[in-house]
Amino acid sequence: MEYTVQKLAQMAGVSSRTLRYYDEIGMLKPARINSSGYRIYGQDEVDRLQQILFYRELGVSLESIKDIVTAPTFNGAQALREHREKLLEKREQLNVLISNVEKTIALTEGGIKMMDKEKFEGFKQKLVDDNEAKYGKEIREKYGDETVNKSNQKVKGMSQEQHDEVTKLGTDVIETLRVAFKTGDPAGELAQKAADLHRQWLCYYWDSYTKEAHAGLTQMYVDDPRFTAYYDEKQPGTAEFLRDAVLVYIGK
């Protein structure tokens with residue numbers, strides 16, 4: 001089967017404009033252009049669009065999706081298996097949230113008593129699941145399953161006060177880093193404050209802190225385009241600046 005832009009868009013539930021944009025950025029090229037100048041998509045393009053929409057549903061950025069699906073080593077069958085696992089995880093997280101909402105409704109109506117800790121279980125699980133969906137493969141390869149699992153358990157065991165503290169710390173890291181970046185000096189006072197705040201933030205997630213792991217993580221921020229895109233969103237070069245600041249901070 002072959003499809004025009006309009007027919008494929010209608011079948012996939014996206015706009016024609018979206019498909020044209022995917023073509024423009026080189027993420028989903030048509031199989032060919034017919035004699036009338038229309039984009040024509042075949043089975044390979046349909047399969048790729050399905051993969052793109054899976055990744056998009058999981059919250060992966062378009063830039064990262066493009067890197068994944070256009071990589072020479074991309075394996076569609078393996079990707080589908082990974083999608084299935086992520087969707088099952090997402091379903092479990094939704095089940096937790098639904099249960100949380102149902103308990104809260106019952107609490108509001110006077111039917112049950114609900115511990116404060118229970119009220120936030122679903123949100124902490126979502127934090128873990130979102131991180132796994134975006135970066136799980138890379139951090140597990142780098143640090144191992146045991147380390148990542150301990151970190152996930154630490155997050156799920158946070159009190160609401162701790163969750164609020166680490167959320168504020170994350171904001172402080174970004175804001176301090178933004179101002180420090182303008183100085184251009186990773187060894188400066190502001191940059192070193194940003195590095196220290198980053199260490200404090202990490203300690204809420206890590207079972208134990210080491211200088212080597214801190215340096216390795218910030219290097220991954222530079223090497224992995226998804227992390228780089230997050231830190232460089234407003235100021236290109238920020239990921240490298242943070243890495244350099246951390247290297248100074250740990251004495252390397």
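## A guided tour, starting at a glycine

Select Gly-237 to begin: apart from neighbours within four places in sequence, Gly-237 is in contact with Phe-181 and Asp-232. Please keep in mind along the way that this is a predicted model. Gly-237 sits in the loop between α12 (225–231) and α13. Colour by accessibility and Gly-237 comes out as partly exposed, with a relative accessible area of 25%. Now add Phe-181 and draw a distance between the C-alpha atoms: Phe-181 and Gly-237 are 56 residues apart along the chain, and those atoms are separated by 8.6 Å.

**Zoom out for a moment**

Show the whole chain as a cartoon. The protein chain has 13 helices and 3 strands. Of its 252 residues, buried ones make up 35%. If you turn on contacts with a separation of 6 or more, 60% of them are accounted for by residues 24 or more positions apart.

**Next stop: α10 and α13**

Select helix α10 (residues 189–203) together with helix α13 (residues 238–249). How do their axes meet? The two axes come within 9 Å and cross at roughly 85°. An angle from 65 to 115 degrees counts as roughly perpendicular, so α10 is roughly perpendicular to α13.

Show side chains where the two helices touch. On the α10 side, pick Ala-191, Gln-192, Ala-195, Asp-196, His-198 and Arg-199. On the α13 side, pick Phe-241, Leu-242, Ala-245, Val-246, Val-248 and Tyr-249. Coloured by residue class, the contact of α10 with α13 divides into 8 nonpolar, 2 polar and 2 charged residues.

Stay with α10 and click on Gln-200, which lies in this helix. Gln-200 is partly exposed, at a relative accessible area of 29%. For a long-range partner, add Leu-169: the C-alpha atoms of Gln-200 and Leu-169 are separated by 7.7 Å, with their positions 31 residues apart along the chain.

**Across to α9**

Move to helix α9 (residues 160–183) and select Val-166, which lies within it. Is Val-166 buried or exposed? Val-166 is buried, with a relative accessible area of 2%. Leaving aside neighbours within four places in sequence, Val-166 is in contact with Met-158, Trp-201, Tyr-204 and Tyr-205. Add Cys-203 as well: from C-alpha to C-alpha, Val-166 and Cys-203 are 9.3 Å apart in space and 37 residues apart in sequence.

**Along α11, then to the segment after α13**

Now select helix α11 (residues 211–223). This helix has 13 residues and reaches 18 Å from its first C-alpha to its last, close to the 18 Å expected at 1.5 Å a residue. Which residues of α11 are buried? They are Ala-213, His-214, Ala-215, Gly-216, Leu-217, Thr-218, Met-220, Tyr-221 and Val-222.

From Lys-211, look for Gly-251: these two are 40 residues apart along the chain, and their C-alpha atoms are separated by 8.9 Å. Gly-251 has its place in the segment after α13. Gly-251 is exposed, with a relative accessible area of 64%.

**Over to α2 and α3**

Select helix α2 (residues 16–24) and helix α3 (residues 43–57). They pack at an angle of about 100°, with their axes 13 Å apart. That angle makes α2 roughly perpendicular to α3. For the side chains that meet, show Thr-18, Leu-19 and Tyr-22 in α2 with Leu-49, Ile-52 and Arg-56 in α3. The residues of this contact divide into 4 nonpolar, 1 polar and 1 charged.

Keep α3 on screen. Its 15 residues reach 21 Å from first C-alpha to last, close to the 21 Å expected at 1.5 Å a residue. Buried residues in α3 are Glu-45, Val-46, Leu-49, Gln-51, Ile-52 and Tyr-55. Leu-49 and Ile-52 thus appear among the buried residues of α3 and also in the contact with α2. Step past the helix to Gly-59, which follows α3 and has a positive phi, near 85°.

**Last stop: the sheet**

Finally, select the strands. In what order do the 3 strands lie? They form an open sheet in the order β1-β3-β2, and the pairing is antiparallel. The edge strands are β1 (3–4) and β2 (32–33), each pairing on one side only. Zoom in on β2 and strand β3 (residues 39–41), which pair in the antiparallel sense over 2 bridges. To find one of the bridge partners, click Ile-33, then Arg-39, its partner in β3.

How values were computed:
Residues numbered from 1 in each chain as written. Predicted model: local features only at pLDDT ≥ 70, side-chain atom pairs only at ≥ 80, totals over all residues. Heavy atoms only, no water. Pairing = 2+ DSSP bridges. Helix = DSSP H or I, 4+ residues; strand = E, 2+ residues; numbered from the N terminus. Axes fitted to C-alpha atoms, helices over the stretch in contact; angles between N-to-C directions. Parallel < 35°, antiparallel > 145°, perpendicular 65-115°, else oblique. Contact = heavy atoms within 4.5 Å. Nonpolar A, V, L, I, M, F, W, Y, C, P; charged D, E, K, R; others polar. Expected span 1.5 Å × (residues − 1). Buried < 20%, exposed > 50% of the residue type's maximum accessible area, 1.4 Å probe, protein only.
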